[in-house]
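Welcome! Please open the structure in your viewer and keep the selection tool at hand.

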Amino acid sequence: MHLVIISGAARPMPKSNTAKIIAAFRKGFEEGGNTAEVWYLSDRRQWQSAREAFANNELILFALPLYVENIPGIMLEFLEGLPPKAQPGTKIAFLIQGGFPEASQLRCCESFVQTLPPYFNCEYAGALIKGDMFGVNLMGEKLGSKMVLPFEEMGRSFAKAGRFDDAEAAAFAGREYLPASTLRKFELIGRPMQKFFMGRIAKSLGCKKKLDDRPYALR
Ligand SMILES: Cc1cc2nc3c(=O)[nH]c(=O)nc-3n(C[C@H](O)[C@H](O)[C@H](O)COP(=O)(O)O)c2cc1C
């Protein structure tokens with residue numbers, strides 16, 4: 001089985017969480033003799049090759065980060081210029097990951113991507129969704145690799161049927177909403193810690209004021 005993976009991430013590949021997730025997924029998928037090729041839409045020089053790969057293959061996976069509740073603009077632009085398949089039989093699956101932890105965050109985008117395959121004369125082959133992926137790159141190599149490890153198993157699983165299994169994807173997505181007790185704990189411990197670490201990251205990136213600074217506020 002050969003899989004064409006197209007990354008819809010806007011961030012360049014070396015800095016992209018999606019790229020790390022794709023690498024783990026691909027590892028699992030290629031076990032047992034399957035093959036995969038990956039194209040990154042963040043590099044516009046790859047768009048023509050991605051179009052050709054889409055045209056010449058029958059199993060496609062779009063992997064993307066959630067941007068403002070839906071697909072990144074760069075991916076939408078690519079899809080707008082993508083010619084539909086002349087013959088039916090191609091399957092398109094989606095892997096959507098986001099920063100916020102609740103699976104409910106990703107459901108709007110999931111509903112949207114379900115509408116896409118018919119525009120290209122293709123079949124929908126399911127979607128894998130996962131939140132809480134914001135830190136993959138920030139956490140460094142060791143912790144980041146641990147965060148994306150579950151995608152390796154999903155790659156193995158995808159290889160069995162050439163699509164995402166609905167029940168397995170639902171379990172993989174995790175909780176739709178965090179329980180009230182977790183939210184309370186977050187307010188007490190998580191939020192101050194997050195503020196502290198975000199402040200440090202901002203400082204390392206050259207930010208000179210506090211993150212909640214309001215330079216245009218009326219005094
Ligand atoms: C402009 C922008 C908008 C985002 N919007 C959302 C969002 O609506 N929901 C969410 O859960 N994560 C959101 N995120 C977080 C990303 O989905 C998350 O960090 C992802 O892992 C980034 O993947 P990438 O490094 O491949 O771009 C947003 C990130 C950016 C930069």
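Here is a short walk from the whole chain to single residues.

**Stop 1: the whole chain.** Start by showing everything as a cartoon, and keep in mind that this is a predicted model. Colour by secondary structure and you should find 7 helices and 5 strands in the protein chain. Follow the chain from the N terminus and the elements come in the order β-α-β-α-β-α-β-α-β-α-α-α. The radius of gyration is 19 Å, close to the 17 Å that the globule rule gives for 219 residues, so the protein chain is as compact as a globular protein of that length. Turn the model along its principal axes: the C-alpha atoms fill a box of roughly 65 × 35 × 30 Å.

**Stop 2: the two domains.** Select residues 2–173 and give them one colour; this is domain 1 in the domain assignment. Then select 179–219, which is domain 2. How many Å separate the centres of the two domains? Taken over C-alpha atoms, 31 Å lie between them.

**Stop 3: the ligand.** Now select the ligand and the residues around it. There are 18 of these residues, and the closest are Asn-17, Thr-18, Pro-65, Gly-98 and Gly-99. Colour this shell by class and you will count 8 nonpolar, 8 polar and 2 charged residues.

**Stop 4: the core.** Move on to the inside of the protein chain, where 30% of the 219 residues are buried. The largest nonpolar core holds 47 residues, and Ile-96 and Ala-127 are the ones with the most contacts inside it. Select residues 17–30 next: this is helix H1, which gives the core its largest share, 6 residues. Then centre the view on Ile-96. Leaving aside residues up to four places away in sequence, Ile-96 touches Leu-64, Leu-66, Leu-106, Cys-109, Glu-110, Ala-127 and Ile-129. Contacts that reach far along the sequence are common in this chain: among those between residues at least 6 apart, 78% join residues at least 24 apart.

**Stop 5: Phe-197.** Finish by selecting residues 180–204, which form helix H7, and pick out Phe-197 within this helix. Is Phe-197 buried or exposed? Phe-197 is exposed, because just 12 other C-beta atoms lie within 10 Å, and a residue counts as exposed at 12 or fewer. For a last look, draw a distance from Phe-197 to Glu-176, C-alpha to C-alpha: the two are 21 residues apart in sequence and 26 Å apart in space.

Definitions and conventions: Residues are numbered from 1 along each chain as its sequence is written. This is a predicted model: local features need pLDDT of at least 70, side-chain atom pairs count only at pLDDT 80 or more; totals for chains, interfaces and linings use all residues. A residue is near a molecule or strand if its C-beta atom, placed from the backbone, lies within 6 Å of it. Ala, Val, Leu, Ile, Met, Phe, Trp, Tyr, Cys and Pro count as nonpolar, Asp, Glu, Lys and Arg as charged, and the others, Gly among them, as polar. A nonpolar core is a set of buried Ala, Val, Leu, Ile, Met, Phe, Trp, Tyr and Cys residues joined through C-beta atoms within 7 Å. A residue is buried if 20 or more other C-beta atoms lie within 10 Å of its own, exposed if 12 or fewer, and partly exposed in between; C-beta atoms are placed from the backbone. Helices (H or I, at least four residues) and strands (E, at least two) are DSSP runs, numbered from the N terminus. Two residues are in contact if their C-beta atoms, placed from the backbone, lie within 7 Å. The radius of gyration is taken over C-alpha atoms; the globule rule is 2.2 Å times the number of residues to the power 0.38. Domain bounds come from an automatic or database domain assignment.
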